[in-house]
Amino acid sequence: MTDTSSFPPALRRAVELFSDPPARLQVRDGYLDLLDDATSPHQAPPANRGLIQAVWASGPGSMFYDYTQGIVRRFVGAWQLPIDWLAIPKGGIALDIGSGPGNVTASLARAAGPGGLALGIDISRPMLARAVSAQAGPNVGFLRADAQRLPFRDETFDAVTSLAVVQLIPEPSSAVAEMYRVLRPGGRIAIMAPTVGKVPPPLRILSSGGARFFAEDELGDMFEQRGFVSVRTKSIGNIQWVRAQRP
């Protein structure tokens, strides 16, 4: 196995959480890359080849997303992460799926305290590079990994979040199953999907770009079917939050 002694502290801790560490681990631009672009399509999880995902994965797209989501999160209450509700214990471990520029991941780390750990995963190299540059630290690390096949052991995390990402995942039910698997009993999860409910005509073009529009109860039902309890949904316009707990 790769010697991780030269890895940033947060990534060394991340490797210790893996269920089956690969023989070769690669750190690039400060993040751990677990996706092999040479992997056979028959072995890799389904990939989103839509225009929206391609834009977010590009350098200019990641810059635009970083700028706009920062403004939106500051002034639009519906985008605010329910950090207090997540009840991350001091010294706890949290996972941010589709971490983008990393600001949500960093907020999870602050809640967990210096002895805790927050890990963000994304599939966009430019987005991860921006996240590392802006947010990486002793207890904040980033990985290139797929939400449909998380590398972590069962019952690892005290909290899981995912903001404005699940609608881009080809098999969202697989991602929800993985979120359940890695969450500890009693752990809490908060998911935000911005493309839910009745979609205004100007936004319908997004569906052809690889973004999925969920029905009003679709995500909540998906969480309950997976085994989550205390599932609560709240819709504000075309944004829906789903909160739940693993029993």
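Let me start with the salt bridge between Asp33 and Arg28, where, in this predicted model, the closest N and O atoms are 3.1 Å apart. The two partners differ in their surroundings: Asp33 counts as buried, at 7% relative accessibility, whereas Arg28 is partly exposed, with a relative accessible area of 27%. Asp33 also meets the side chain of Arg125 in a salt bridge, and there the N to O distance is 3.6 Å. Because Asp33 lies in strand β2 and Arg125 in helix α6, which covers residues 125–135, this pair ties together parts of the chain that are 92 residues apart in sequence. Arg125, for its part, counts as partly exposed, at 27% relative accessibility.

If we widen the view a little, these residues belong to a network of salt bridges that links Arg28, Asp33, Arg125 and Arg144. As general background, side chains of opposite charge can pair when their charged atoms come close. How many salt bridges does the structure hold? The number is seven, and one of them, which I would like to take next, joins Asp154 to Arg181, with the closest N and O atoms 2.8 Å apart. Here Asp154 sits in the loop between β5 (140–144) and β6 (157–163), while Arg181 sits in helix α7 (residues 172–182), so the pair ties together parts that are 27 residues apart in sequence.

Arg181 leads us on to Arg246, because a polar atom of the Arg246 side chain lies 3.3 Å from the backbone oxygen of Arg181, which is inside the 3.5 Å cut-off for a polar contact. Arg246 is found in the segment after β9, the strand that spans 239–245. Is Arg246 buried or exposed? With a relative accessible area of 12%, Arg246 is buried, since the cut-off for that class is under 20%. Leaving aside residues up to four places away in sequence, Arg246 touches a set of residues that includes Glu155, Tyr180, Arg181 and Phe228, and the list also contains Leu183, Arg184, Pro185, Gly186 and Gly187.

Let me turn now to Gly30, which is placed in the loop between β1 (26–28) and β2 (31–33). Gly30 counts as partly exposed, at 27% relative accessibility. Which residues does Gly30 touch, not counting those up to four places away in sequence? They are Leu11 and Val132. In addition, Gly30 and Ala136 are 8.2 Å apart in space, C-alpha to C-alpha, although 106 residues separate them in sequence.

A further pair of this kind involves Ile236, whose place is in strand β8, residues 229–236. Ile236 counts as partly exposed, at 40% relative accessibility, and its C-alpha is 9.2 Å from that of Pro194, with the two residues 42 apart in sequence.

Finally, a few totals for the chain as a whole. The protein chain has eight helices and nine strands, and buried residues make up 49% of its 247 residues. Of the contacts with a separation of 6 or more, 68% are accounted for by residues 24 or more positions apart. The chain exposes about 11500 Å², and carbon and sulfur atoms supply 53% of that area.

Note on methods. Residues are numbered from 1 along each chain as its sequence is written. This is a predicted model: local features need pLDDT of at least 70, side-chain atom pairs count only at pLDDT 80 or more; totals for chains, interfaces and linings use all residues. Side-chain values use heavy atoms; hydrogens and water are left out. Helices (H or I, at least four residues) and strands (E, at least two) are DSSP runs, numbered from the N terminus. Buried means under 20% relative accessible area, exposed over 50%, partly exposed in between (1.4 Å probe, protein chains only). Contact means heavy atoms within 4.5 Å. A polar contact is a pair of N or O atoms within 3.5 Å; within protein, one must be able to donate a hydrogen and the other to accept it, and residues adjacent in sequence count only if both atoms are side-chain atoms. Accessible areas come from the Shrake-Rupley method with a 1.4 Å probe; for residues, only the protein chains shown count as cover. A salt bridge is a side-chain nitrogen of Lys or Arg within 4 Å of a carboxyl oxygen of Asp or Glu.
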